Amino acid sequence: MKHVILFAFVSAGALAAVNEVSGRGYGGGGFSRGGSYGGSFEHSYSGGFDRGYGSSFSSFSGADRYGGSYSGSRSTASVDGWGGRAAGGSYDHTWSDAAGGSVTTSGSRGIAEGRYGGVAAGGTRDTTVTTAGGKTYTADRSAGVASGPGGRTVGGTSGSVDGRYGESSWNTAFSGNRYTGSMSHYASVYGANGVHSTAYWSRGYLGTHAGYVRTGFGYYGAFYPGWYTAHPGCWAAAGWAAGAAWTAASYADVAAYCGLAAASAPDYDYGSTVVIQDSNVYVDGQAGGTAQQFADEATAIATQGQAAAPTPTDEWKPLGVYALVSGDEKTSNNIFQLAVNKDGVIRGNFYDGVADTTTEVYGSVDKKSQRAAWTIGKKKDRVFEAGLYNLTQAQCPCLLHVGTQTTDQMLLVRVEQPKTGQSQPPAAAP
């Protein structure tokens, strides 16, 4: 991964921007613990911090109600000096089921901020899945992004999956984007360009693009009992069986559950049936208001879901698990797990696979328009939306509204647990 990212820096002519990020106060210290960028920065700027070092370590172990066991550890460290600061951490988790299968995941992540505003982050992840029958599958990922004080951004990802049908790997790099967000869960959701627009994606393109994403998907162990234990604070529905979050709901089932007329399912195929052009929205060829109004409507739908207060015993129907990709990305570390109750309230999780962190999702479905809108956490500056019908399809375009200033078209790829005999790693289910 280190070579991929360094190649991205040099090929983009952006090395000066990276130096500006790291040269004014970065050192080995905590950031060297952060993964992808750690080694390359450490070579040039080792020892840049001289005070404020702190660290912590914790371990855990136990058994769950399904007869499995879990154990693991986490460590964190931070440093501060010369106006810059950095923090990093590592983790190692193991979960075993009663039948003898196991999942082991380890990795590191880190973030650093320079004195003059440069920011960088990176992470690694290695996963091994062993089935009760003794078969082993492995996957690894590395990713990083750096932005100079002037906004120049570079980064890249790499990874591999080794399983029943051999090993496959990928490398990607990007450069030249102007970073406009915060280095938190949105760090890898980039591409906002200050305009409102959609692009036509044919069914063939969607199917091919989604196929690449599914081939490189490496998070089949998520949303199971051991995973929930290792990610305290994430959202979980009461009464769900193990792995229920992965259930792919059909539109007919969701419509009946929420009291909708299944015969009149609006198709929000952004770029086709819903087009944004010159800051105006056209629905099935008819004027549908301005892009700002459309974004405001999505925000209102999401806000209604944020304000809802479902009881702990509410019944929830899983919509499924979705990999989120931007542009022509062929892999995803950004995962949505969504569910809906009978009132149309949406809950779930956004999982950042690189950082191994989870944030609760809040939103709702407008039963009249059947637009679904949700946020990561309760902030309202990033609102995702898709049609309810489209969320029940194998893949669908979605929109990311950045306030009312920008609308970016992205792709949601529904990911299901592979069936026996398929080339993807098997489920890490108990």
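The predicted model contains 2 cavities of 30 Å³ or more. For the second largest cavity, the computed volume is about 40 Å³. Its lining consists of Arg125, Thr127, Ala139, Asp140, Arg141, Gly218 and Tyr219. Two elements, strand 5 (119-130) and strand 6 (136-147), each give two or more residues to this lining. Strand 6 supplies the largest share, 3 residues. Sorted by class, the lining of the second largest cavity comprises 2 nonpolar, 2 polar and 3 charged residues.

A separate region of the model is organised around strand 14. This strand spans residues 345-352, and 8 of its 8 residues are buried, so strand 14 is largely enclosed by the rest of the structure. In a regular strand, side chains point alternately to the two faces of the sheet. In strand 14, cover is found on both faces. One side carries Val345, Arg347, Asn349 and Tyr351, and the other carries Ile346, Gly348, Phe350 and Asp352; all of these residues are buried. The buried positions thus include the charged residues Arg347 and Asp352.

Strand 14 is paired with strand 13 and with strand 15. Strand 13 (residues 334-340) runs antiparallel to strand 14, and the two are joined by 7 bridges. Within this pairing, Ile346 of strand 14 lies opposite Val340. Strand 15 (residues 357-365) is likewise antiparallel to strand 14, with 8 bridges between them. Here Ser364 of strand 15 is the bridge partner of Val345.

Each of these pairings forms a hairpin. The hairpin of strand 13 and strand 14 has 4 residues between the strands, and within it Gly344 adopts a positive phi near 90°. The hairpin of strand 14 and strand 15 also has 4 residues between the strands, and in that hairpin a positive phi, near 55°, is found at Asp356.

Gly344 was examined further. This residue belongs to the loop between strand 13 and strand 14. Its relative accessible area is 0%; because a residue counts as buried under 20%, Gly344 is classed as buried. When neighbours within four places in sequence are left aside, Gly344 is in contact with Ser364, Val365 and Lys367. Ser364, one of these contacts, is also the bridge partner of Val345. The C-alpha atoms of Gly344 and Gly363 lie 8.7 Å apart, while the two residues are separated by 19 residues in sequence.

Another sheet is formed by 3 strands in the order 9-10-11; this sheet is open and its pairing is antiparallel. Its edges are occupied by strand 9 (274-277) and strand 11 (286-290), each of which has a single partner strand, so one side of each lacks a neighbour in the sheet. From one strand to the next, the twist averages 30°. Strand 10 (residues 280-283) pairs with strand 11 in the antiparallel sense through 3 bridges. In this pairing, Ala287 of strand 11 stands opposite Tyr282. The sheet is packed against by helix 7 (residues 291-307), which touches strand 9, strand 10 and strand 11. The direction of helix 7 makes about 75° with that of strand 11.

Methods: Residues are numbered from 1 along each chain as its sequence is written. This is a predicted model: local features need pLDDT of at least 70, side-chain atom pairs count only at pLDDT 80 or more; totals for chains, interfaces and linings use all residues. Side-chain values use heavy atoms; hydrogens and water are left out. Buried means under 20% relative accessible area, exposed over 50%, partly exposed in between (1.4 Å probe, protein chains only). Two strands pair if DSSP finds at least two bridges between them. On a 1 Å grid over the protein atoms alone, a cavity is a set of points where a 1.4 Å probe fits but cannot get out, and a pocket is an open set with protein on both sides within 12 Å along at least five of seven lines; lining residues have an atom within 4 Å of a point. Grid points are joined across faces, edges and corners, and a volume is the space filled by probe spheres set on the points. Contact means heavy atoms within 4.5 Å. Axes are lines fitted to C-alpha atoms, for helices over the stretch in contact, and angles run from 0 to 180 degrees between N-to-C directions.
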